[in-house]
Amino acid sequence: GRKGNASIHYDNNFSCEHDDVYVIKCVKNTKYMYYFIKSQLKWYDYNMNGSTIGGTSKDFLNKQKIRILKPEILKKYKLEEEFEFMDKLRNDISQTLKNQEDITKQMMKLVLSSEKETKEVEEIEEVEETEENEETK
């Protein structure tokens with residue numbers, strides 16, 4: 001995150017523009033690691049240091065103890081399926097927000113173009129009324 005706000009993302013290929021990014025390479029249980037750390041973000045936010053903008057360090061992150069679940073536990077509680085379901089929800093929500101933004105933009109274009117046409121019609125009507133008034137004089 002930026003400006004003292006912790007955030008976490010996962011991807012196979014990524015790029016970043018900031019200097020305060022830490023990459024965790026995880027061979028197994030990548031989604032478990034993601035969701036575990038994500039569930040702890042408030043704790044990470046609380047433990048960020050800084051006089052004005054909180055931050056963290058590689059040393060701080062290296063000292064963290066993360067329980068790695070054995071594959072049989074993941075299977076027993078069907079966690080992989082739950083992670084897939086949560087990923088689908090996250091993607092659906094993201095797509096819904098994008099669709100809502102697109103529809104809002106389209107609606108505003110329509111409203112603004114309609115508003116412009118209405119003003120032009122009003123201006124034409126005013127001119128016609130003025131011309132009619134001058135003709136009757």
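Does Lys-31 count as buried or exposed, and at what relative accessibility? In this predicted model, Lys-31 has a relative accessibility of 17% and therefore counts as buried, since the cut-off for that class is under 20% relative accessible area. The setting of this lysine is described below, after an account of the fold and of the confidence assigned to the model.

The protein has five helices and zero strands, and its elements, followed from the N terminus, run α-α-α-α-α. Of the 137 residues in the protein, 12% are buried, while the area exposed by the protein comes to about 12300 Å², with carbon and sulfur atoms supplying 52% of this surface. Among the contacts with a separation of 6 or more, 66% are accounted for by residues 24 or more positions apart.

The average pLDDT of the protein is 81, and 78% of the residues score at least 70. Confidence is highest in helix H4, which covers residues 71-76 and reaches 94, and lowest in H5, where the mean is 83. Where pLDDT is low, the predicted coordinates should not be read in detail.

Six salt bridges are held by the structure. One of them is formed by Asp-87 and Lys-31, whose closest N and O atoms are 2.8 Å apart. Because Asp-87 lies in helix H5 and Lys-31 in helix H1 (residues 30-39), this pair ties together parts that are 56 residues apart in sequence. Lys-31, as noted, is buried, and Asp-87, with a relative accessibility of 7%, likewise counts as buried.

Asp-87 also meets the side chain of Arg-90 in a salt bridge, with an N to O distance of 2.9 Å. Since Arg-90 and Asp-87 are three residues apart in helix H5, about one helical turn separates them. In contrast to the buried Asp-87, Arg-90 counts as partly exposed, at 35% relative accessibility.

Further along the sequence, a salt bridge links Lys-105 with Glu-101, the closest N and O atoms being 3.3 Å apart. Both residues of this pair, Lys-105 and Glu-101, lie in helix H5, where a spacing of four residues corresponds to about one turn of the helix. Lys-105 has a relative accessibility of 48% and so counts as partly exposed, and Glu-101, at 42%, is also placed in the partly exposed class. Elsewhere, salt bridges that share partners join Lys-31, Glu-84, Asp-87 and Arg-90 into one network.

Helix H5, which spans residues 79-136, also contains Leu-89, a residue that contributes to a nonpolar patch on the surface. This patch, of about 470 Å², is made by Phe-85, Met-86, Leu-89, Ile-93 and Leu-97. Leu-89 itself counts as partly exposed because its relative accessibility is 38%, a value that satisfies the requirement of over 30% relative accessible area for patch residues.

Methods
Residues numbered from 1 in each chain as written. Predicted model: local features only at pLDDT ≥ 70, side-chain atom pairs only at ≥ 80, totals over all residues. Heavy atoms only, no water. Patch = residues over 30% accessible without salt bridge, like charges linked within 9 Å, V, L, I, M, F, W, Y side chains within 5 Å. Areas by Shrake-Rupley, 256 points an atom, 1.4 Å probe, with all protein chains shown as cover. Salt bridge = Lys/Arg side-chain N within 4 Å of Asp/Glu carboxyl O. Helix = DSSP H or I, 4+ residues; strand = E, 2+ residues; numbered from the N terminus. Buried < 20%, exposed > 50% of the residue type's maximum accessible area, 1.4 Å probe, protein only. Contact = heavy atoms within 4.5 Å. pLDDT = per-residue confidence, 0-100.
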